[in-house]
Amino acid sequence: MTQINPPRAILFDLDGTLADTAPDLAAAVNLLRTERGLEPTAYELLRPTASAGARGMIGAAFGLKPEDEGFIPLRDGFFANYQAAMAVHSTLFPGIVELLAGIEQAGLQWGIVTNKPARFTDPLLPQIGLAHAGCAVSGDTTAHAKPHPAPLFEAAARLGLAPEQCWYVGDDLRDIQAGKAAGMPTIACGWGYCGPVEPQAWQADYLFGHPSELLALMQESLSGRSELAA
């Protein structure tokens, strides 16, 4: 049971948290398969791995890990395919537009902390309606990616805030680990991809199934009526 302080900013993971990018990620890896005369991998198998990027997609589609022979050429091909068509079917999750509007109306800041490389983050955000983020920290912005807290420290610094003044929201265990390591209250979003470990086991301060629940918590917290996490 955790009482969390009202935020000055809310930071978000990108893939699987703010945006449903899995369709375009899946298309990029399946293009690799069809180019090699292979049948596409079922979308239902690819979608849960989307938050893990190239590692997750290539692992699901080809059964290879980053240390395996042949992974690097596939990764490079995946990157090229994705960069050429990264916003064909990607959209914001239902309720995200309203959530971000509510954050801004409350006078708070919001930003993005993703493990996605900046070569994809920077062009993608304006194409899916997120160009107005207060900051965008990518997986290669700092020397370490999540679950290391360095990207979250960087985001807080860019917003002019202490880390403990920010909440962090994500759909992967690494997001919650990074948020805790940075001293930020953490919210697991059950509407995302969530990966192989059930979000109930992540020990986040809160677990929500829809962005409207996060908006309600923020409003309650700012009004001094925040309830204990279930």
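Begin the tour by selecting Arg-158, which counts as partly exposed at 44% relative accessibility. The structure is a predicted model, and every value given along the way is computed from it.

**First stop: helix H7**

Keep Arg-158 in view and add Glu-154. These two residues form a salt bridge in which the closest N and O atoms are 2.8 Å apart. Because they are four residues apart in helix H7, Glu-154 and Arg-158 are separated by about one helical turn. An α-helix has 3.6 residues a turn, so residues three or four places apart point the same way. Glu-154 is likewise partly exposed, with a relative accessibility of 28%.

Next, select Ala-150, Pro-151, Leu-152, Ala-155 and Ala-156, which are the residues to view for the buried part of H7. Against which elements do the buried residues of H7 pack? Their neighbours are S1, S4, S5, S6 and H8. Before leaving this helix, look just after its end, where Gly-160 has a positive phi of about 75°.

**Second stop: the sheet**

Now display the strands. Six of them make up an open sheet with parallel pairing, and their order is S5-S4-S1-S6-S7-S8. Which strands stand at the edges? They are S5 and strand S8 (206-208); each has a single partner strand, so one side of each is left without a neighbour in the sheet.

Move inward to S1 and strand S6 (residues 166-170), a parallel pair held over four bridges. To find one position in this pairing, select Ile-10, whose bridge partner in S6 is Trp-167.

**Third stop: salt bridges**

Over the whole structure, a search finds eight salt bridges. Select Lys-116 and Asp-15 for one of them: the closest N and O atoms of this pair lie 2.7 Å apart. Where in the chain do Lys-116 and Asp-15 lie? Lys-116 is in the loop between strand S4 (109-113) and H6, while Asp-15 is in the loop between strand S1 (9-12) and strand S2 (19-20); the pair links distant parts of the chain, 101 residues apart. Are Lys-116 and Asp-15 buried or exposed? Both residues are buried.

Then select Asp-175 and Lys-146, which also form a salt bridge, with 2.7 Å between the closest N and O atoms. Asp-175 belongs to helix H8 (residues 173-181) and Lys-146 to the loop between strand S5 (136-137) and helix H7 (150-158), so the pair ties together parts that are 29 residues apart in sequence. Asp-175 is buried, its relative accessible area being 2%, and Lys-146 is buried with a value of 5%. Add Asp-13 to the selection: salt bridges with shared partners join Asp-13, Lys-146 and Asp-175 into one network.

**Fourth stop: helix H6 and the aromatic cluster**

Return to Lys-116 and select Thr-121, which has its place in helix H6. Thr-121 counts as buried, at 0% relative accessibility. Leaving aside residues up to four places away in sequence, Thr-121 touches Thr-114, Lys-116 and Ser-138.

Beside Thr-121 in the sequence stands Phe-120, so numbered in helix H6 (residues 118-127). Select Phe-120 together with Phe-79: the ring centres are 5.3 Å apart and the planes meet at 55°, so the pair is tilted. Phe-79 sits in helix H4 (residues 71-84), and the pair links distant parts of the chain, 41 residues apart. Both Phe-79 and Phe-120 are buried, Phe-79 having a relative accessibility of 17%.

The model contains six aromatic pairs. Another of them joins Phe-78 and Phe-79, a tilted pair with 6.1 Å from centre to centre and 45° between the planes. Phe-78 is buried as well, at 2% relative accessibility. Which residues do ring pairs link into a cluster? Select Phe-78, Phe-79, Tyr-82 and Phe-120 to see it.

A separate ring is worth a selection here: Arg-33 lies over the face of Phe-62, at 5.6 Å from the ring centre.

**Last stop: confidence**

Finally, colour the model by pLDDT. The protein chain averages 95, and 97% of the residues score at least 70. Where does pLDDT stay under 50? It does over residues 226-230, for which the model has 16 contacts beyond four places in sequence. Where pLDDT is low, the predicted coordinates should not be read in detail.

Methods
Residues are numbered from 1 along each chain as its sequence is written. This is a predicted model: local features need pLDDT of at least 70, side-chain atom pairs count only at pLDDT 80 or more; totals for chains, interfaces and linings use all residues. Side-chain values use heavy atoms; hydrogens and water are left out. Rings of Phe, Tyr and Trp (its six-membered ring) pair if their centres lie within 6.5 Å; planes under 30 degrees apart count as stacked, over 60 as edge-to-face and the rest as tilted. Buried means under 20% relative accessible area, exposed over 50%, partly exposed in between (1.4 Å probe, protein chains only). Helices (H or I, at least four residues) and strands (E, at least two) are DSSP runs, numbered from the N terminus. A charge sits over a ring if NZ of Lys or CZ of Arg is within 6 Å of the ring centre and within 35 degrees of the ring normal. pLDDT is the predictor's confidence in each residue, from 0 to 100. Contact means heavy atoms within 4.5 Å. A salt bridge is a side-chain nitrogen of Lys or Arg within 4 Å of a carboxyl oxygen of Asp or Glu. Two strands pair if DSSP finds at least two bridges between them.
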